[in-house]
Amino acid sequence: MARDFELDPGTWTRVLREAAALGVLQLHLSGGEPLLYEDLDALVAEAHALDLYMNLITSGWGLDLARAKRLAEAGLDHVQVSFQDMGREEARAIAGADALDAKLAAARAVKEVGLALSLNVVMHRSNLARIGELIDLAASLGAARIEVASTQYHGWALKNRDALLPSPRALEEASQVARERRARYEGKMDVIYVMPDYVTGLPKPCMDGWGQRSLTVAPDGKILPCPGATCITTLAFDDVRRVALADAWRHGSAFEAFRGEAWMPEPCASCERRAVDYGGCRCQAFALTGDAKRTDPACSKAPDHGIVVQARARAESLAHALPVYREMKR
C-alpha cells in the first residue's frame, strides 16, 4: 500500500518539538503498528532529548531482543503489548494472525532490557471467561500493569457487536474475578478493569474531556482531539503540515466542537455529571445515532438509550458467539 501520505521524519521531529513547547509531557507511540515505522529509533531519541516520557503501544510483532535493546538505548521508557487471548486459535480468530508466541517473546524482551511493561487485553464475549488467566499471564511476565479493557462498539467492533457483546451476567462475573485478582496482586501489579458503559448506564469521560488533556497526530498529519476522532465525518481536522500544533490545540474547529459545556444538549446541559463524563464518547454518539452532538446512548438518561438496551437484550438471547467478520485490506 502506498505510504506517500505519511509524515516524513523531519516533520515528525518538528511536531515533537512543538509538542514539548506546548507543554506535552508524555508521548504515546501507537498505530497501526509503530514498529513498522523505519525511523522509530531516531524519533524515540529525539523525544528523549526533549525529556518526554515515552510509551510504545504495540502488537509486539517484530519486537525481538535486539530491537528492544535499541529502543531502550534510544531512550524509550515503557512498552504496552496487546494480547487477544490465552489460546493460539482464540487469539488468531481476533488478531487475524498467529501472533501469540511473538507477543510473549516481545514482552520478555521488554523486561530483559529493563523497560517498564504493561499488557492490554480488549475483553469481549469470546475471552471474558479467561479474564483471570489473562491477568495471571501479565503477572507471570513481570508486567507492572494490565488493562483489561472493554470493547468500544464503533468501527469494526460495532459491525460485530452481536458476536462481541457479553451478557450483563458474564460481565458481572468477570468483574468479580478482576476484583479478586486486583487484591491478589496489590503492590505488585496494577489491575485496571472498569465495567463497560453498555451495562452501567454511566458513559465514560471522553478522553478526560474533549480537547482538554490530550491530542493525537495521525500519520497523515491530521491533528485530532482523540485517536478515533476521524470516524466523525462531520468534523474538519487541521493538518500539522499547515497549522502549528499550538494553534490547532487552542483554536482548531475540531477541538472547539465539543470542548467545555456550551455544545451540550439536554439532558447533559443540566446534568450533575456533565463535568464528570462530559456527555460521554463523541465517537460512540456518532456511531450509534449519526450525530456527534447527541448524548452518548450508553447513558441511562440519554434519549437514545434504547439502542443500547436493545443491544444488551440481543446479547442475552444469543447463546454462542457468532463468527467474527474481518475485512482484510490488500
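Select C271 and C299 in this predicted model and display their sulfur atoms: the cysteine sulfur closest to that of C271 belongs to C299, and at 6.2 Å the separation is too far for a bond. With a relative accessible area of 13%, C271 is buried. Move next to C226, whose closest cysteine sulfur is the one in C283, at 3.9 Å, which is again too far for a bond, because a disulfide calls for two cysteine sulfur atoms within 2.5 Å. C226 also counts as buried, at 6% relative accessibility. For the structure, the number of disulfides comes to zero.

Now select residues 116–123, which form strand β4; six of its eight residues are buried, so the strand is largely enclosed by the rest of the structure. Add strand β3, residues 78–83, and you will find that β3 and β4 run parallel as a pair, connected over six bridges. To inspect a single position in this pairing, pick F83, whose bridge partner in β4 is V121. Then add strand β5, residues 145–150, which also pairs with β4 in the parallel sense, over six bridges. Here V122 is a useful residue to select, its bridge partner in β5 being A149. With helix α6, residues 131–140, shown as well, the path through β4, α6 and β5 can be followed as a right-handed β-α-β unit.

Return to strand β3 and select H78, which lies in this strand. Is H78 buried or exposed? At 13% relative accessibility, H78 counts as buried. Displaying its side chain together with that of N55 shows a polar contact of 2.6 Å joining the two. If residues up to four places away in sequence are set aside, H78 touches Y53, M54, N55 and L56, and also A116, L117 and S118.

The next stops are salt bridges, of which the structure holds 23. Begin with R70 and D41, which form a salt bridge whose closest N and O atoms are 3.2 Å apart. R70 sits in helix α3, residues 65–74, and D41 in helix α2, residues 40–49, so this pair ties together parts that are 29 residues apart in sequence. In terms of accessibility, R70 is partly exposed, with a relative accessible area of 41%.

Go on to D239 and R241, whose side chains meet in a salt bridge with an N to O distance of 3.1 Å. The acidic partner, D239, is buried at a relative accessible area of 11%, whereas R241 is partly exposed at 38%.

Then select D304 and R294, where the side chains meet in a salt bridge at 2.9 Å, N to O. Both D304 and R294 lie in the loop between α14 (282–289) and α15 (305–317), so the pair ties together parts that are 10 residues apart in sequence. D304 is buried, with a relative accessible area of 17%, while R294 is partly exposed, with a relative accessible area of 32%.

As a last selection, take D136, E180, R181 and R184 together and show their side chains: salt bridges that share partners join these residues into one network.

Definitions and conventions:
Residues numbered from 1 in each chain as written. Predicted model: local features only at pLDDT ≥ 70, side-chain atom pairs only at ≥ 80, totals over all residues. Heavy atoms only, no water. Buried < 20%, exposed > 50% of the residue type's maximum accessible area, 1.4 Å probe, protein only. Helix = DSSP H or I, 4+ residues; strand = E, 2+ residues; numbered from the N terminus. Pairing = 2+ DSSP bridges. Right-handed = clockwise from strand over helix to strand, strands pointing away. Salt bridge = Lys/Arg side-chain N within 4 Å of Asp/Glu carboxyl O. Polar contact = N/O pair within 3.5 Å; in protein donor to acceptor, adjacent residues only side chain to side chain. Contact = heavy atoms within 4.5 Å.
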